[in-house]
Amino acid sequence: TVPRSKGLRDAEHQRASRIPSQFSQEERVAMKESLKGAIQIPTVSFNPGEFNTTALAEFGEYMHKVFPTVFRTSFIQHEVVGEYSHLFTVQGSDPSLQPYMLLAHIDVVPAPDQGWEVPPFSGLERDGFIYGRGTLDNKNSVMAILQALELLLIRNYIPRRSFFIALGHDEEIVAPGSISAGVRGTWGSEDLSPPPGKGCPARLHVDEGSFILDGFIPSLKKPFAMVSVSEKGSLDLMMEVNMTPGHSSAPPKETSIGILAAAVSRLEQTPMPNMFGSGPLKMTLQQLANEFSFPANVIFNNLWLFWPLVSRLMERDDITNALVRTTTAVTMFNAGIKVNVIPPVAQATVNFRIHPAQTVQEVLKLAKDIVVDDRVQFHVLEAFEPLPVSPFDDQALGYQLIRQTIQSVFPEINIVAPGICIAQTDSRHYTNLTTGIYRFNPLYLQPQDFSGIHGINERISVQAFETQVKFLFEFIQNADTEQRPVSHLHEL
Ligand SMILES: CCCCCCCCCCCCCCCCCC(=O)N[C@@H](Cc1ccccc1)C(=O)O
Ligand SMILES: [Zn+2]
Ligand SMILES: [Zn+2]
């Protein structure tokens with residue numbers, strides 16, 4: 001293993017050339033205006049192949065306009081991938097250091113006006129917040145990454161460790177992730193292993209997928225940083241019932257709609273098993289145990305005894321329930337052709353988010369055992385297994401770099417814990433590139449903010465965005481450590 005002192009010797013080098021993350025008032029105004037401009041470009045992706053291509057093309061031009069130094073720096077290569085994704089290769093001065101990758105996505109989910117305090121693509125600032133679709137998911141990261149790099153370059157920064165910035169345009173649709181295909185293109189092979197001379201497999205990813213969580217657990221008064229070292233799997237299951245159409249004046253006992261509605265109701269009324277204790281959650285809670293007030297601290301320090309109580313308590317809230325089980329969400333129901341015609345077909349789509357202790361096949365079998373109706377056909381539209389748990393021990397450079405940067409940018413946060421992302425991220429397309437995949441957005445998230453993600457009144461505070469830029473400004477410099485991969489099984 002790499003002697004720990006190596007990192008310390010390396011720190012001398014870092015201190016000598018460190019660029020302080022202090023920004024002028026003019027730079028701070030410019031960065032928030034750049035984010036507003038990004039929000040005003042409606043880069044909506046609807047379904048596979050259905051994008052606002054005009055907006056995506058405009059966004060590409062917009063990046064050139066607001067980050068000119070990034071685009072004219074000789075050691076930065078920019079490639080457009082899949083027409084609207086962007087891959088930046090920032091060549092470091094020390095090619096022996098394994099590169100890393102920063103991921104974010106340009107596309108956003110649709111945002112109908114109703115319910116929004118301001119129009120969702122206005123980027124208006126109110127009471128210190130910038131409102132708009134994409135302010136949390138995920139244009140804040142797109143702009144913060146490029147903004148941090150722009151500010152570093154203006155200050156004559158030259159990285160030692162190479163890194164990639166992969167900005168996808170189709171994260172919000174069920175797609176193979178064009179940008180990951182682009183990374184394959186850059187490295188010239190399906191398995192993402194680079195051809196000779198193209199550098200090493202990326203050591204780590206930092207993607208969306210978790211935050212500094214504030215107020216998600218009632219008895220935990222202090223916010224804590226959860227770095228997602230895994231993410232749940234998913235199963236998009238379309239259930240279908242076909243029947244002979246006919247005149248509705250002489251209907252059968254059950255129509256296709258009635259049969260399918262009953263099947264869907266059984267699924268909703270029969271939650272998947274509580275898997276508390278098998279997965280990263282237990283590690284998260286054990287790290288947090290002493291942050292709870294009495295008697296919660298006793299409970300979380302003795303999960304061997306109190307786990308049944310804790311697992312039941314976590315079921316009460318939708319978000320923490322998503323941590324302890326595979327969730328079932330009936331998200332689409334289509335049926336019927338006319339009010340006086342017996343419907344020939346009824347279709348319902350269920351979105352399962354699979355707990356790491358289960359597999360796609362297990363969930364599919366459980367669903368069939370719950371439905372128990374031969375008239376219901378099952379069609380798997382898309383499925384991803386839960387992702388492997390990335391290393392987070394002392395030698396896991398990626399995790400330690402994130403932890404180190406959190407502690408320097410957020411000194412008030414005294415707990416950094418590994419956890420799991422309850423949603424999917426583009427990083428699921430990179431599992432054969434590295435096992436050092438981490439998901440963390442360096443900003444506070446409270447439960448009410450979560451409802452803005454894919455919901456209404458999505459917003460980010462000006463202060464939070466500035467701090468996100470500061471985090472990336474520090475992270476890129478922290479990543480310039482000499483620490484090399486250690487002989488771990490998980491290292492490629
Ligand atoms: C110990 C207590 C911990 C409390 C945990 C609180 C968790 C708070 C929620 C944090 C998760 C936020 C996730 C943000 C990233 C969402 C990314 C996204 O929207 N991904 C899409 C990808 C997708 C999947 C399928 C079709 C199209 C797109 C998603 O729906 O997951
Ligand atoms: Zn996202
Ligand atoms: Zn999203």
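**Zinc donors and a buried asparagine**

Author: In this chain, 81% of the contacts with a separation of 6 or more are between residues 24 or more positions apart, a contact being heavy atoms within 4.5 Å. The model is predicted: local features need pLDDT of at least 70 and side-chain atom pairs pLDDT 80 or more, while totals for chains, interfaces and linings use all residues. Residues are numbered from 1 along each chain, chains are lettered from A and ligands numbered from 1 as written, and side-chain values use heavy atoms, without hydrogens and water.

Reader: What makes asparagine 441 count as buried?

Author: Buried means under 20% relative accessible area (exposed is over 50%, partly exposed in between; 1.4 Å probe, protein chains only). Asparagine 441 comes in at 2%, so buried it is.

Reader: How do you know that asparagine 441 and glutamine 468 make a polar contact?

Author: Their side chains are joined at 2.9 Å. The rule asks for N or O atoms within 3.5 Å, one able to donate a hydrogen and the other to accept it; residues adjacent in sequence count only if both atoms are side-chain atoms. So the pair qualifies.

Reader: Why are Asp137, Glu172 and His454 called donors of the zinc ion (ligand 3)?

Author: Donors are N, O and S atoms within 2.8 Å of the metal (3.2 Å for Na, K and Ca); water isn't among the atoms, so sites may look incomplete. Here the protein donors lie 1.9 to 2.8 Å from the ion, so they fit.

Reader: What does aspartate 137 bridge?

Author: Aspartate 137 bridges the zinc ion (ligand 3) and the zinc ion (ligand 2), 3.3 Å apart.
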